[in-house]
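Grab a coffee and work through these exercises with the structure open beside you. Try each task before you read its solution.

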Amino acid sequence: MKMSDEVKRVINNNFVHLATSSKDGKPNVVPIGLCRTISDHELLIVDVHFKKTRENLEENPQVAIAVEALEELKAYQLKGEAKIFSQGELYEKAFEIMKEQDKVREKRVSVWREKRPAMAERFEKLVERHHKLRPKAVVLVDVEEIYSTMR
Ligand SMILES: Cc1cc2nc3c(=O)[nH]c(=O)nc-3n(C[C@H](O)[C@H](O)[C@H](O)COP(=O)(O)O)c2cc1C
């Protein structure tokens, strides 16, 4: 299903929540910073930390994603089918997405440095740790359903 430019923009500029479930239906939901749209109907999520999420994806490819841009009063739920790639062209995109996210973090740190220096320091340490991480895989989601959750 085609995502509008607005849906894509909200996904590409906010944290999303990724819900998966085991084959017997036990749900799991995690926050995700590394998520970007790559076409009108596909998005890519970088797996650096997945545990239960990865197990679930291997058992059951159906996922739901929730995302909000509250300052714009926009919120969406998307559902789709996921595929895991641990190498190849799509996997290589993980590095680009991680670099982009670094820029988002740098901006946040520079704002905090003035207003909340202790927070900036903690965050910088976290970012340093993240620089040592290698993506384990990328998860391609083919979006099949889109709902606005703003009422
Ligand atoms: C704000 C935030 C953003 C996160 N972004 C990602 C991400 O982009 N990729 C990732 O693999 N883990 C990310 N995580 C970690 C996952 O949310 C989660 O902790 C990890 O998948 C392990 O949980 P699980 O065992 O349920 O999969 C993020 C955590 C937080 C708090």
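**Exercise 1. Work out the strand order of the sheet, then find its edges.**

Keep in mind that this is a predicted model. Trace the open sheet from one side to the other, and its seven strands come in the order β2-β1-β5-β6-β7-β4-β3, with antiparallel pairing. Now look for strands that pair on one side only: those are the edge strands, β2 and β3 (35–37). Going from one strand to the next, the twist averages 30°.

**Exercise 2. Walk across the sheet and check the register of its pairs.**

Start with β1 (residues 16–21) and β5 (residues 62–69): they run antiparallel and are joined by four bridges. To set the register here, use Leu-18, whose bridge partner in β5 is Ile-65.

Next, step from β5 to β6, an antiparallel pair with eight bridges. Ala-69 sits opposite Lys-74 of β6. These two strands make a hairpin with four residues in between, and one thing to spot in the turn is Leu-73, with a positive phi of about 55°.

Carry on to β6 (residues 74–85) and β7, where you should count 10 bridges in the antiparallel sense. Glu-81 faces Asp-142 of β7 across this pair.

Finish with β7 (residues 137–148) and β4, again antiparallel, over six bridges. Here Asp-47 is the residue opposite Ala-137 in β7.

What holds such pairs together in general? Strands of a sheet pair through backbone hydrogen bonds, in either a parallel or an antiparallel way.

**Exercise 3. Decide how α3 and α4 are arranged, and list what touches.**

First, get the geometry: the axes of α3 (residues 89–115) and α4 (residues 117–131) come within 7 Å and cross at roughly 155°. Then apply the cut-off: angles over 145 degrees count as roughly antiparallel, so α3 and α4 are roughly antiparallel to each other. As for the hand, their crossing is left-handed.

Now for the residues. On the α3 side, the contact uses Arg-105, Arg-108, Val-109, Trp-112 and Arg-113, while α4 brings Pro-117, Met-119, Ala-120, Phe-123, Glu-124 and Val-127. Sort them by class and you get seven nonpolar, four charged and no polar residues.

**Exercise 4. Describe the shell around the ligand.**

Begin with the closest neighbours: of the 15 residues around the ligand, Val-30, Leu-34, Lys-51, Lys-52 and Thr-53 come nearest. Next, ask which elements supply at least two residues of the shell. They are β2 (27–32), β4 (42–47) and α2 (52–59). The biggest giver is β2, with four residues. Last, tally the classes: the shell has eight nonpolar, four polar and three charged residues.

**Wrap-up. Put the pieces side by side.**

Go back to β2 on the model. This strand is an edge of the sheet, and β2 also gives the most residues to the shell around the ligand. Then pick out β4, which pairs with β7 and supplies at least two shell residues as well.

Note on methods. Residues numbered from 1 in each chain as written. Predicted model: local features only at pLDDT ≥ 70, side-chain atom pairs only at ≥ 80, totals over all residues. Axes fitted to C-alpha atoms, helices over the stretch in contact; angles between N-to-C directions. Parallel < 35°, antiparallel > 145°, perpendicular 65-115°, else oblique. Left-handed = near helix turned anticlockwise from the far one by under 90°. Contact = placed C-beta atoms within 7 Å. Nonpolar A, V, L, I, M, F, W, Y, C, P; charged D, E, K, R; others polar. Near = placed C-beta within 6 Å. Pairing = 2+ DSSP bridges.
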